[in-house]
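New to this one? Take a look at the structure below, and then we'll walk through a helix and a strand.

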Amino acid sequence: MTDETVRILLCDDHAVVRAGLLALLGSAPGIEVVGEAGSGEEAVAMAAKLTPDVVLMDLQLGPGIDGVEATRRIATPEVHVLVLTTYDTDADITRAIEAGATGYLLKAERPEELFAAIHAAAEGRTTLSAPVAGRVMDRMRGAAPPSLTDRERDILAQLAQGLGNREIARALFISEATVKTHLGRIYAKLGVDTRAGAVAVAKERRLLP
């Protein structure tokens, strides 16, 4: 990194979002966007070619590798990855940080917070959005695991085996509507919004048999 300018590579699968970030970062002193990628694979290739100081990485990137896997392939002592996303579930945060992300920022942050986080990331300093920092602190303090009912644990176990709602309903002799209701409660308790996220958190917290 030069003393004056932080070189940025953008990675987001939405062209409109990239255009907005380009316009925003173009007005920021000491920041230069050197490339933009619309997929994880493209980001990995461009990072290797351009060696930016910071890669601004979304997590959900459509088909292909996601932002976490792209982060794992990109992050080095010289190239820092700053996650910029709308997702703040425990599973997403944990996976991104374990993959090597230097910071984790939500898209709802103010522009000046984003600029400061970019400069911090370029120096290898960690920056977390306030809600993300709160979740991380709760986990470090050993927050009590969520209380799941026996039925919710049964459904989680079926999820972990890759079964769909209809298959779960048949296996547990309940209706698909009941499965969906239980899934909604499981997601809320685990702080996730996807089946994969629920399984990841359940495994991490040893909620599965």
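## Helix α1 and its two sides

Let's start with the exposed side of α1: Val16, Ala23 and Gly26 are exposed there. Keep in mind that this is a predicted model.

Which residues of α1 are buried? They are Arg18, Leu21 and Leu25. These three sit on the same side of α1 because they cover an arc of only 65 degrees around the axis. There's a handy rule behind that kind of pattern: an α-helix has 3.6 residues a turn, so residues three or four places apart point the same way.

What covers the buried residues of α1? The cover includes β1 (6-11), β2 (31-37), β3, β4 and α5 (111-122). As for its length, α1 spans residues 15-26, twelve in total, and reaches 16 Å from first C-alpha to last, close to the 16 Å expected.

## Strand β4, covered on both faces

Now for β4, which runs over residues 80-85 and has six of its six residues buried. One side carries His80, Leu82 and Leu84, while Val81, Val83 and Thr85 are on the other, and all are buried.

## The neighbours of β4

β4 pairs with β3 (residues 54-57) in the parallel sense, over four bridges. Here, Val54 has His80 as its bridge partner. Add helix α3 (residues 67-74), and β3, α3 and β4 make a right-handed β-α-β unit.

β4 also runs parallel to β5 (residues 103-106), joined by four bridges, with Leu106 as the bridge partner of Thr85. With helix α4 (residues 90-98), β4 and β5 make a right-handed β-α-β unit.

Methods: Residues numbered from 1 in each chain as written. Predicted model: local features only at pLDDT ≥ 70, side-chain atom pairs only at ≥ 80, totals over all residues. Heavy atoms only, no water. Buried < 20%, exposed > 50% of the residue type's maximum accessible area, 1.4 Å probe, protein only. Helix = DSSP H or I, 4+ residues; strand = E, 2+ residues; numbered from the N terminus. Pairing = 2+ DSSP bridges. Right-handed = clockwise from strand over helix to strand, strands pointing away. Expected span 1.5 Å × (residues − 1). Arc of directions from axis to C-beta. Contact = heavy atoms within 4.5 Å.
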